[in-house]
Amino acid sequence: SGAAQSSRRCSRGSRRAAPQPLGRMSGLAVAKTTLRQSVFGLYRSFLRAARAKDPDGARGLVASVKNRFRDDAAGVSRNEFQRIEYMLREGHKKLKMLGMSRVSGFEVRGGGRR
């Protein structure tokens with residue numbers, strides 16, 4: 001009865017299926033989940049760094065970070081793992097540079113597309 005009630009609660013409360021533990025997921029699903037977590041983590045780190053460098057928003061760093069991530073997401077398929085990994089590596093380099101004390105912002109030129 002308890003299990004039946006909990007399954008009914010889940011079906012009414014949310015349309016999404018409960019996330020599977022990583023042990024039950026296929027290798028491809030694990031790779032997608034790991035990449036997704038890495039991208040979101042990098043995005044949050046960029047937002048924190050942009051807010052630290054531009055607390056009043058005068059230079060528009062937060063908006064440029066959001067726009068850059070949105071543009072890059074639109075330009076790459078979720079199944080292009082090597083390209084996403086490359087973009088993550090480049091993003092970490094830029095984040096490290098943004099964290100340097102002498103750097104006050106950044107300019108986006110061209111984009112990361114090949």
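Of the 114 residues of the protein chain, 21% count as buried (under 20% relative accessible area, 1.4 Å probe, protein chains only). This is a predicted model, where local features need pLDDT of at least 70 and side-chain atom pairs count only at pLDDT 80 or more, while totals for chains, interfaces and linings use all residues. Residues are numbered from 1 along each chain as its sequence is written, and side-chain values use heavy atoms, without hydrogens or water.

**Whole chain.** Colour by secondary structure. The protein chain has 4 helices and 0 strands (DSSP runs, H or I of at least four residues for helices, E of at least two for strands, numbered from the N terminus). The pattern along the sequence is α-α-α-α.

**Helices 2 and 4.** Select residues 27-53, helix 2, and residues 81-98, helix 4. Their axes (lines fitted to C-alpha atoms over the stretch in contact) come within 10 Å and cross at roughly 20° (on a scale from 0 to 180 degrees between N-to-C directions). That makes helix 2 roughly parallel to helix 4 (angles under 35 degrees).

Now show side chains at the contact (heavy atoms within 4.5 Å). Helix 2 brings residues including L28, L35, L42 and F46. Helix 4 brings, among them, F81, I84, L88 and L95.

**The core.** Next, select L42, F46 and V65. These have the most contacts inside the largest nonpolar core, which has 16 residues (buried Ala, Val, Leu, Ile, Met, Phe, Trp, Tyr and Cys joined through side-chain atoms within 4.5 Å). Helix 2, helix 3 (61-74) and helix 4 each supply at least two residues of this core. Helix 2 gives the largest share, 6 residues.

Terms used. Angles under 35 degrees count as roughly parallel, over 145 as roughly antiparallel, 65 to 115 as roughly perpendicular and the rest as oblique. Buried means under 20% relative accessible area, exposed over 50%, partly exposed in between (1.4 Å probe, protein chains only).
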